[in-house]
Amino acid sequence: MDLKANHTSPVLADPAPMNESMLGLHSAMLPYSPNGATFSPALFLTIPRKKTGILDDVKSVSWLDAMRASSPTHNKVAAKDLSHDQQSSNDTDIVYRNWMLKYPSALASFEQITNSARGKRLVLFLDYDGTLSPIVDNPDNAFMSRAMRAAVKNAAKYFPTAIISGRSRDKVCEFVRLTELYYAGSHGMDIMGPVQPVSKDHKKCIRSIDNQGKEVILFQPASEFLPMIDEVLKALIEKTKDIKGAKVENNKFCVSVHYRNVEEKYWTTIAQYVEEVMKQYPRLRLTHGRKVLEVRPVLDWDKGKAVEFLLESLGLSNSDEVLPIYIGDDRTDEDAFKVLKDSNRGYGILVSSVPKESNASYSLRDPSEVMDFLKRLARWKMSSAL
Ligand SMILES: O=P(O)(O)OC[C@H]1O[C@H](O[C@H]2O[C@H](CO)[C@@H](O)[C@H](O)[C@H]2O)[C@H](O)[C@@H](O)[C@@H]1O
């Protein structure tokens, strides 16, 4: 298993965002406006480094270490002999079990969770990759199983359910194919939600009609960035085209540069190429997911903000009556876990088969445990309604 570089802690270093200084990103606050587009200042991160934790992360782990640590393949033990393997696997189990003292299994703690949901409206927020679908080499093939789709569909009969993904909203809708859900793509920067009175802060909401002809609201706080994101997308595709295995994915308001299938010796090259492109775009920042670098606007908006927005637009922001549960596996889900933790409402559930520090309250090992949890929630609700 990939442990922190100094091997003093069994806890995995959270995949860190790229080092801003290494990337030469400027901290200038004035919005960049390539095509004369105007930017509303309210959502710009005024202290981007502090807010994103970039400086803290960089102090503790270099970007290359972070690239190695992201999405660890913890079972890849160099198999010299069986007893060594067994010992390693026992050690891994012990470390995981110890970690679970801090992040108990949401399945084992099911009664505790449902007890605190009694008399409250439970709302489900689900990440997609690594949560509803297993991590696979080709992002285009991250399909959701039929069984998982049925479990989500059934859960959504009982609880308002939203998917919050780093993917573009269209792409994640295409994977999930359940019209009864709410969807937020581009890490929450593209939300399609119900028409409800929303706070006056959210002036950027526009009314729209979804594929079923239903009236919905669209919230796209980064819409002014579209031309810039398109430019960057093209530049990154061109720049990385000769690196075997590199893949640049258009996530509408953000761009993912995947290096999962790139030979490790070229990871530095990828990082340098991304750095070169990013230098020209001080209004964009870089974060780090599971073997992926993610370019996104410097906006004070993330999955945590998307959760708050959706709760509000669903008319469910009263914390005494509502129990939000957010299930996710990645660094970007931490923003949502933190919102729930800081406001002392609901629970974050981290999906991970390796120990890592998190703002979540509970854990699940993998998407199959997520499916079991969703099924149990629906069964619990059905039986308690009888
Ligand atoms: O917020 P999410 O729904 O978890 O999206 C985060 C990123 O997920 C996808 O990449 C990850 O999953 C791929 C498929 O399993 C895998 O190949 C890749 O290595 C992972 O990083 C997606 O492709 C990205 O665009 C999302 O940003």
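Hi everyone, let me start with two helices. The axes of helix H11, residues 303-313, and helix H12, residues 334-342, come within 6 Å and cross at roughly 55 degrees. A crossing between 35 and 65 degrees falls outside the roughly parallel and roughly perpendicular ranges, and H11 and H12 are therefore oblique to each other. Before I go on, please keep in mind that this is a predicted model.

Who makes the contact between these helices? From H11 we have Lys303, Gly304, Val307 and Glu308. H12 answers with Asp335, Ala336, Val339 and Leu340. If you sort the residues of that contact by class, you get four nonpolar, one polar and three charged.

Now stay with H12 for a moment, as this helix leads us to a sheet. H12 lies across strand E11, residues 322-328, and strand E12, and runs at about 150 degrees to E12. Both strands belong to an open sheet of nine strands. Reading across, the order is E5-E6-E4-E3-E2-E1-E11-E12-E13, and the pairing is mixed. As a quick reminder, strands of a sheet pair through backbone hydrogen bonds, either parallel or antiparallel.

Which strands stand at the edges of this sheet? They are E5, residues 205-209, and E13, residues 362-364. Each has a single partner strand, so one side of each is left without a neighbour in the sheet. On average, neighbouring strands here are turned by 25 degrees against each other, direction ignored.

Let's look at the E13 edge in your viewer. E12 covers residues 347-351, and this strand pairs with E13 in the parallel sense over three bridges. If you want one pair to click on, take Leu350, whose bridge partner in E13 is Ser363.

On to the other sheet I picked. Four strands form an open sheet in the order E7-E8-E10-E9, with antiparallel pairing. The edge strands are E7, at 247-250, and E9, at 284-289, and each pairs on one side only. From one strand to the next, the twist averages 20 degrees.

E7 and E8 are worth a zoom. E8 spans residues 255-258, and four bridges join this strand to E7, the two running antiparallel. Lys247 stands opposite His258 in E8, and the bridge partner of Glu249 is Ser256, also in E8. The hairpin of E7 and E8 has four residues between the strands, and Lys252 takes a positive phi near 70 degrees there.

This sheet has a helix of its own to show you. Helix H10, residues 267-278, lies across E8, E9 and strand E10, which is residues 292-297. H10 runs at about 155 degrees to E9.

Finally, the empty space. Rolling a probe the size of a water molecule over the atoms shows where empty space is left. How many cavities of 30 Å³ or more does the structure hold? There are three, and the largest has a volume of about 350 Å³. Lining that one are 25 residues, and the closest to its centre are Asp129, Ile135, His258, Val292 and Asp330. You met His258 a minute ago, opposite Lys247. E8 and E10 each supply at least two residues of the lining. By class, the lining of the largest cavity has six nonpolar, eight polar and 11 charged residues.

That's my tour, thanks for listening!

Technical notes:
Residues are numbered from 1 along each chain as its sequence is written. This is a predicted model: local features need pLDDT of at least 70, side-chain atom pairs count only at pLDDT 80 or more; totals for chains, interfaces and linings use all residues. Side-chain values use heavy atoms; hydrogens and water are left out. Two strands pair if DSSP finds at least two bridges between them. Axes are lines fitted to C-alpha atoms, for helices over the stretch in contact, and angles run from 0 to 180 degrees between N-to-C directions. Contact means heavy atoms within 4.5 Å. On a 1 Å grid over the protein atoms alone, a cavity is a set of points where a 1.4 Å probe fits but cannot get out, and a pocket is an open set with protein on both sides within 12 Å along at least five of seven lines; lining residues have an atom within 4 Å of a point. Grid points are joined across faces, edges and corners, and a volume is the space filled by probe spheres set on the points. Ala, Val, Leu, Ile, Met, Phe, Trp, Tyr, Cys and Pro count as nonpolar, Asp, Glu, Lys and Arg as charged, and the others, Gly among them, as polar. Angles under 35 degrees count as roughly parallel, over 145 as roughly antiparallel, 65 to 115 as roughly perpendicular and the rest as oblique.
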